Amino acid sequence: MQRPVALVTGGARGIGLATARLFLENDYEVIILDRDQPALVEAAADLGASAYLYDVSIPENSRKVTEQVRSEFGRLDALVNNAGVADFGPIEESGEQLWRKIMDTNLDGLFYLSQAVTPLLKETQGAIVNIASISGLRASTLRVAYGTSKAAVAHLTKQQACELGEYGIR
């Protein structure tokens, strides 16, 4: 029997790395995805996991990741959308470039990758875990873009549950 496969974005450090370790302890094949090549190479070697060097903020990478997962593993059982950017500052100084950088990674990247891997998750009746933040539930100073992106992630998770639950995707 083939082992289940988990894909963890932002998997080279922090919450993503800890999550990848938990999947490995539970006998999953693990793919860690990150845009920081040195950290990714080090983490993959330490874990014995597959390493995918991609930036989730680039929409076309979602298709490439999906094709690579299908080609190398033939299945996907879990997606953990952990990749995120945290950049804090006053509203007056949060320009378009900062706003887009945060939204492109924290929200858009999560959406496009989830969308791209949905056919694989339908086949396995897999699961999506989206990492949000307390900043998405409670407003605070200096976090207008970050907090807004994480609030959107929380709501997107509910939308995904409503629609993808029909296919057995949790």
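These legends go with a set of views of one predicted model.

**Figure 1. The whole chain, with five helices and five strands.**
Start at the N terminus and the elements read β-α-β-α-β-α-β-α-β-α. Measure along the principal axes and the C-alpha atoms fill a box of roughly 55 × 40 × 30 Å. A compact globule of 170 residues would have a radius of gyration near 15 Å, and the 16 Å found for the chain agrees with that. As for what touches what, take the contacts between residues at least 6 apart in sequence: 63% of these join residues at least 24 apart.

**Figure 2. Surface and charge on the chain.**
How much accessible surface does the chain have? It comes to about 8900 Å², and carbon and sulfur atoms account for 53% of that. Of the 170 residues, 45% are buried. On the charge side, there are 16 positive and 21 negative side chains, and the centres of the two sets sit 3 Å apart. Searching the whole structure turns up 12 salt bridges, and the next three views zoom in on some of them.

**Figure 3. The salt bridge between Asp 27 and Arg 3.**
Here the closest N and O atoms are 3.3 Å apart. Asp 27 belongs to the loop between helix H1 (14–25) and strand E2 (29–34), while Arg 3 comes from the segment before strand E1 (5–9), so the bridge ties together parts of the chain 24 residues apart in sequence. Are these two residues buried or exposed? Asp 27 counts as partly exposed, because its relative accessibility is 46%. Arg 3 is partly exposed too, with a relative accessible area of 31%.

**Figure 4. Arg 21 paired with Asp 46.**
In this salt bridge the closest N and O atoms are 2.9 Å apart. The pair links distant parts of the chain, with Arg 21 in helix H1 and Asp 46 in helix H2 (residues 37–47), 25 residues apart. Arg 21 has 34% relative accessibility, so this residue counts as partly exposed.

**Figure 5. Arg 70 and Glu 123, a salt bridge between two helices.**
The closest N and O atoms of this pair are 3.3 Å apart. Which helices does the pair tie together? Arg 70 sits in helix H3 (residues 60–73) and Glu 123 in helix H4 (residues 96–124), so the bridge connects parts that are 53 residues apart in sequence. Arg 70 counts as partly exposed at 37% relative accessibility. Glu 123 is exposed, its relative accessible area being 52%. Elsewhere in the model, salt bridges with shared partners join Arg 3, Asp 27 and Glu 29 into one network.

**Figure 6. Ala 6 and its surroundings.**
Look for Ala 6 in strand E1. Is this residue buried or exposed? Ala 6 counts as buried, because its relative accessibility is 0%, and the cut-off for buried is under 20%. What does Ala 6 touch once its neighbours within four places in sequence are left aside? The contacts are Phe 23, Tyr 28, Glu 29, Val 30, Ile 31, Leu 76 and Ala 78. For a distance to check on screen, try Ala 6 to Leu 24: these residues are 18 apart along the chain, and their C-alpha atoms are separated by 9.1 Å.

Methods
Residues are numbered from 1 along each chain as its sequence is written. This is a predicted model: local features need pLDDT of at least 70, side-chain atom pairs count only at pLDDT 80 or more; totals for chains, interfaces and linings use all residues. Side-chain values use heavy atoms; hydrogens and water are left out. Helices (H or I, at least four residues) and strands (E, at least two) are DSSP runs, numbered from the N terminus. The radius of gyration is taken over C-alpha atoms; the globule rule is 2.2 Å times the number of residues to the power 0.38. Buried means under 20% relative accessible area, exposed over 50%, partly exposed in between (1.4 Å probe, protein chains only). Contact means heavy atoms within 4.5 Å. Accessible areas come from the Shrake-Rupley method with a 1.4 Å probe; for residues, only the protein chains shown count as cover. Lys and Arg count as positive and Asp and Glu as negative; His and the chain ends are not counted. The place of a charge is taken as NZ of Lys, CZ of Arg, CG of Asp or CD of Glu. A salt bridge is a side-chain nitrogen of Lys or Arg within 4 Å of a carboxyl oxygen of Asp or Glu.
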